[in-house]
Amino acid sequence: MIKVIQADITTLSVDAIVNAANTTLLGGGGVDGAIHRAAGPELLAACRKIGGCPTGEARITPGFKLPAKWVIHTVGPVWHGGDRNEPTLLANCYRNSLELALKNGAKTIAFPGISTGVYGYPKDQAAKIAVIVMREYENKFDEIICCCFSGGDKALYEKVLAED
Ligand code: ADP
């Protein structure tokens, strides 16, 4: 089942939350900063050991102080106008995160809107890609959650899910 909620992703008691990280995995602003603050300094130490992640791929760490058991760190593409493979890279983020979740036995997973903050991906196009990939995996999970930070984002996901 795919579910849309409005929440701060760091508060969710799910098996895995997904982080919109950068290639260094050493923390940043937005949802990445919020996740690192809530998980505590052990998360940064775990990320440092991993040593980075290419765009479109995903890596997993424990959630440490978070209610979530795991954090899956994925690196979304920076939006350059759409002709630099952004759609494929963004779909890869969702697919690789879901595969890593399955491999680690996660049954519930929550995603923020990868690339839709500082990385500038148009939110409607990003939501469509997210939902297409989530649909491919929904039967393998109890819940795939679209965790929206704003009411506007929640309305957008609800519209995309209703149309698809
Ligand atoms: P990116 O660099 O991939 O664009 P951002 O963190 O800047 O990542 O933004 C990704 C999305 O996460 C945005 O839609 C933003 O509104 C949302 N966001 C920011 N903080 C949180 C949070 N605590 N919980 C859920 N979503 C969040």
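A polar contact is a pair of N or O atoms within 3.5 Å. That cut-off applies to the ligand contacts visited later in this tour of a predicted model.

**The sheet.** Begin by selecting the strands. Six of them form an open sheet with mixed pairing, and the order across it is S1-S6-S5-S2-S4-S3. At the edges are strand S1 (2–6) and strand S3 (58–62), each of which pairs on one side only. On average, neighbouring strands of this sheet are turned by 25° against each other, direction ignored.

**The S1 edge.** Next, select S1 together with strand S6 (residues 143–148). The two strands run parallel and are joined by five bridges. For one specific pair, display Val-4 and Cys-146: the latter, in S6, is the bridge partner of the former.

**Helices across the sheet.** Now add helix H1 (residues 30–39), which lies across strand S2 (16–21) and strand S4 (70–75). The direction of H1 is at about 130° to S2. Then add helix H4 (residues 123–137), which lies across S1, strand S5 (108–111) and S6. Relative to S6, H4 runs at about 160°.

**The H3 and H4 pair.** Keep H4 displayed and select helix H3 (residues 86–103). Two packed helices are described by the angle between their axes and the distance between the axes. For H3 and H4, the angle is about 35° and the axes are 9 Å apart. Their crossing is right-handed. To inspect the interface, show side chains on both helices. The H3 residues in contact are Pro-87, Leu-90, Ala-91, Tyr-94, Arg-95, Leu-98, Glu-99 and Leu-102. On the H4 side, they meet Ala-126, Ile-129, Ala-130, Val-133, Met-134, Glu-136 and Tyr-137.

**The ligand.** Finally, centre the view on the ligand and select the residues around it. There are 16 of these, and Val-31, Ser-115, Thr-116, Gly-117 and Val-118 come nearest.

Three polar contacts can be traced in turn:

- Ile-9: a polar backbone atom of this residue is 3.0 Å from a nitrogen atom of the ligand.
- Val-31: a polar backbone atom here lies 2.9 Å from an oxygen atom of the ligand.
- Thr-116: in this case a polar side-chain atom is 2.8 Å from an oxygen atom of the ligand.

How much of the ligand's area does the protein bury? Taken alone, the ligand exposes 570 Å², and the protein buries 89% of that.

Note on methods. Residues numbered from 1 in each chain as written. Predicted model: local features only at pLDDT ≥ 70, side-chain atom pairs only at ≥ 80, totals over all residues. Heavy atoms only, no water. Pairing = 2+ DSSP bridges. Helix = DSSP H or I, 4+ residues; strand = E, 2+ residues; numbered from the N terminus. Axes fitted to C-alpha atoms, helices over the stretch in contact; angles between N-to-C directions. Contact = heavy atoms within 4.5 Å. Near = heavy atom within 4 Å. Polar contact = N/O pair within 3.5 Å; in protein donor to acceptor, adjacent residues only side chain to side chain. Areas by Shrake-Rupley, 256 points an atom, 1.4 Å probe, with all protein chains shown as cover. Left-handed = near helix turned anticlockwise from the far one by under 90°.
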